Amino acid sequence: MAAVAKPDRIDTFSTIHNWESADYEPTLPVSEKSNPLTRHIDRAPASSIVKMLQACDAEMFLEKSQTQYQRLLSEEMVKTLMEVAERVRLILKDPQDSLVVLSGCGTSGRLAFFMASGFNRELQRLNYAPVYSYVIAGGDRALFSSQEAPEDDPTLGALRLKKVSEGKKRVLFVGVSCGLSAPFVAGQLDFCLRHPDVYTPVLVGFNPAHQARNEPIPGCTLTFHSVVTRMEELAKTQKAFLINPGLGPEAISGSSRMKGGSATKILLEVVFSASFSRTPVTFNLILQHMRSYEKALDFTYSHSQEIAALMEAAGRSLQCGRQVCYLGWGSLGLLGLIDASECKPTFGADHEDIRGFVSGGYKELGNNEGDLTLMGPEFSISHDDFLDGVLPRLTDDDTVLLLYSDSDDIDKVAKLAHRVREKTSNIHAAYHQTAGDAAAKQDDINKLCSSTIIFTWPQETPERLQHLRELSTKLLLNAVSTGAHIFKGKVFKNYMIDLQVTNSKLYRRAARLMQKLSGHSESECEEALLKAIYQVDKLSEDIATCSLETHTHTAGKAKKVVPLALVCLLSGCSIKEAESRLEQQPIVRKAVEACLKSS
């Protein structure tokens with residue numbers, strides 16, 4: 001892939017504080033720090049937001065510095081990937097009693113499903129038996145709807161792993177926890193460590209080992225940190241593996257769906273693709289593959305003006321109370337489903353704000369639990385569901401984005417585009433083609449769309465080309481949905497101000513965020529948070545002594561928990577008064593700033 005010129009950095013980048021400095025937010029792990037590059041992203045125009053996101057994503061590929069952090073492309077990291085690829089290759093040679101299990105929570109679990117499904121399809125194409133399986137905290141409903149309470153249950157994680165791998169004699173377990181913090185994954189890794197005759201554990205995350213979460217997990221004696229310490233010892237003899245490069249803080253603080261998700265996809269695809277290779281797994285093979293993703297990132301952002309325009313269109317839809325719909329085909333459609341599902345927990349969005357639909361619905365998905373449509377409207381994911389339930393209500397205030405490539409049925413894309421165009425002119429497309437293979441029907445689709453981003457890729461092996469297109473689509477969708485929610489006022493500075501407080505990790509994140517924005521003590525912030533969760537102006541003894549699990553379960557039923565708590569804390573007003581303020585000024589940033597000024 002040809003090198004792509006990188007745009008100039010915006011002026012403030014040269015004056016920022018390096019996140020790697022020892023005195024930069026020293027109490028926070030890397031994955032929870034705020035990124036100096038995006039300090040004012042909530043006030044930036046779309047073009048600057050895209051530049052900031054590009055700069056943050058580019059941090060994934062920075063060369064190793066003189067600090068404590070390993071890098072994605074460091075020698076040690078590449079060697080670890082080589083070793084894990086060799087383990088996968090052994091399983092592919094003897095698949096009958098063997099299994100590779102990918103597991104995670106939230107975004108990590110969705111990507112575990114995405115990659116396990118994709119690589120099983122690739123194995124079947126090559127006439128191999130499928131050897132990949134996935135586990136996601138909360139089961140398949142967590143693919144589309146936030147199910148964060150199970151993330152706090154290490155016993156459940158171990159039981160799910162035991163069930164999926166029953167009867168297998170050799171299991172390579174890959175647990176993904178971007179912040180080295182999810183109890184669900186800690187329980188699975190601990191289970192592996194207690195059964196070394198069958199399981200080889202691999203941990204993927206993006207904090208150094210010493211920053212692994214060290215809080216006791218309710219109901220058990222282990223911590224994530226204690227599990228990592230045991231794995232570090234076993235890694236010396238290659239009985240366990242840690243893949244934990246430093247990526248730098250997320251563009252929106254703690255939003256691991258972005259860099260964390262992208263790096264997870266890159267790392268595991270490099271490992272699994274190398275294991276398929278008929279040539280030996282070499283250092284240069286791994287490094288070359290990693291570099292191709294870096295070029296794909298630059299190539300994607302070479303369309304920054306078009307991405308910014310699409311971001312603005314999506315932002316206008318959310319600002320006027322309308323919706324954004326992704327209509328996709330194949331794996332690009334699945335990425336649309338994943339991006340849409342992440343907006344609710346990340347930004348406190350309604351499930352209808354951004355929705356994804358994929359051609360073929362659950363047949364295309366191929367998930368463990370099959371068709372989930374009867375569980376509710378947010379589980380309706382097919383194009384037919386869109387045509388029946390959404391299309392009749394579309395107006396020019398809604399935004400529709402088509403996601404497809406030259407390997408999809410362009411006639412079907414054109415047919416659906418015609419139907420959408422009858423209801424709204426606000427239709428856009430992101431189309432991936434290979435150089436020299438432009439589809440004749442594409443001109444018809446271009447005429448129907450307000451804008452089309454055409455990604456023209458150089459010739460590449462089909463598998464690798466598809467992976468690069470997927471990363472490109474993920475980066476595009478992350479940018480569009482993040483920018484749209486920024487314009488709706490869901491981000492304060494570079495913090496998720498309206499996140500859902502539905503597990504222990506998010507509860508602690510919310511309390512830290514309130515401390516940072518208010519300057520109040522930890523105990524004052526937690527008290528305000530509990531008042532907002534329980535909708536009371538005074539905490540009773542019963543509430544104060546409830547478990548964290550009870551708090552997060554109750555918070556799952558509430559809306560605008562953090563904004564309410566912050567407004568109350570800053571202004572000293574009651575819950576009802578805070579609700580009234582937020583109704584008058586629904587853009588959280590402005591409501592909070594008004595309180596900051598008055599205080």
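# Exercises on a predicted structure

Gly 348 comes directly after helix H10 and has a positive phi, near 65°. The exercises below concern a predicted model.

## Exercise 1. Helix H10

Task: Determine what span is expected for helix H10 and how far apart its end C-alpha atoms are.

Solution. Step 1: Helix H10 covers residues 330-347, which gives 18 residues. Step 2: The expected span is 1.5 Å times one less than the number of residues, and for H10 this comes to 26 Å. Step 3: The end C-alpha atoms of H10 lie 27 Å apart, in agreement with the expected span. Step 4: As for its surroundings, H10 has 17 of its 18 residues buried, so the helix is largely enclosed by the rest of the structure.

## Exercise 2. Two aromatic pairs

Task: Classify the pair formed by the rings of Phe 119 and Tyr 132, and state which parts of the chain the pair ties together.

Solution. Step 1: The whole structure contains 14 aromatic pairs. Step 2: In the pair of Phe 119 and Tyr 132, the ring centres are 5.8 Å apart and the planes meet at 45°. Step 3: Planes under 30 degrees apart count as stacked and those over 60 as edge-to-face; the pair of Phe 119 and Tyr 132 is therefore tilted. Step 4: Phe 119 belongs to helix H3 (residues 107-125) and Tyr 132 to strand E2 (residues 132-136), so the pair ties together parts that are 13 residues apart in sequence. Step 5: Both Phe 119 and Tyr 132 are buried.

Task: Classify the pair of Phe 144 and Phe 379 in the same manner.

Solution. Step 1: The centres of these two rings are 6.2 Å apart, with 85° between the planes, and the pair is edge-to-face. Step 2: Phe 144 is in the loop between E2 and helix H4, while Phe 379 is in the loop between helices H11 and H12, 235 residues apart. Step 3: Phe 144 has a relative accessible area of 9% and is buried; Phe 379, at 1%, is buried as well.

## Exercise 3. Tyr 132 in the core

Task: State which residues have the most contacts inside the largest nonpolar core, and which residues Tyr 132 touches.

Solution. Step 1: The largest nonpolar core has 149 residues, and Tyr 132 and Leu 529 have the most contacts inside it. Step 2: Helix H15 (residues 462-487) supplies the largest share of this core, 10 residues. Step 3: Beyond four places away in sequence, the residues touched by Tyr 132 include Val 88, Ala 116, Phe 119, Phe 272 and Phe 276. Step 4: Phe 119, Tyr 132, Phe 272 and Phe 276 also make up one aromatic cluster.

## Exercise 4. Three salt bridges

Task: For Arg 509, Arg 170 and Arg 291, name the salt-bridge partner of each.

Solution. Step 1: Arg 509 pairs with Glu 32, the closest N and O atoms being 2.7 Å apart. Arg 509 is in helix H16 and Glu 32 in the segment before helix H1, 477 residues apart. Both are buried, Arg 509 at 11% relative accessible area and Glu 32 at 12%.

Step 2: Arg 170 pairs with Asp 94, with closest N and O atoms 3.8 Å apart. Arg 170 is partly exposed at 32%, as is Asp 94 at 41%.

Step 3: Arg 291 pairs with Glu 294 at 2.8 Å between the closest N and O atoms. Being three residues apart in helix H8, the two are separated by about one helical turn. Arg 291 is partly exposed, whereas Glu 294 is buried.

Note on methods
Residues numbered from 1 in each chain as written. Predicted model: local features only at pLDDT ≥ 70, side-chain atom pairs only at ≥ 80, totals over all residues. Heavy atoms only, no water. Phe/Tyr/Trp six-rings, centres within 6.5 Å; stacked < 30°, edge-to-face > 60°. Helix = DSSP H or I, 4+ residues; strand = E, 2+ residues; numbered from the N terminus. Buried < 20%, exposed > 50% of the residue type's maximum accessible area, 1.4 Å probe, protein only. Core = buried A, V, L, I, M, F, W, Y, C linked by side-chain atoms within 4.5 Å. Contact = heavy atoms within 4.5 Å. Salt bridge = Lys/Arg side-chain N within 4 Å of Asp/Glu carboxyl O.
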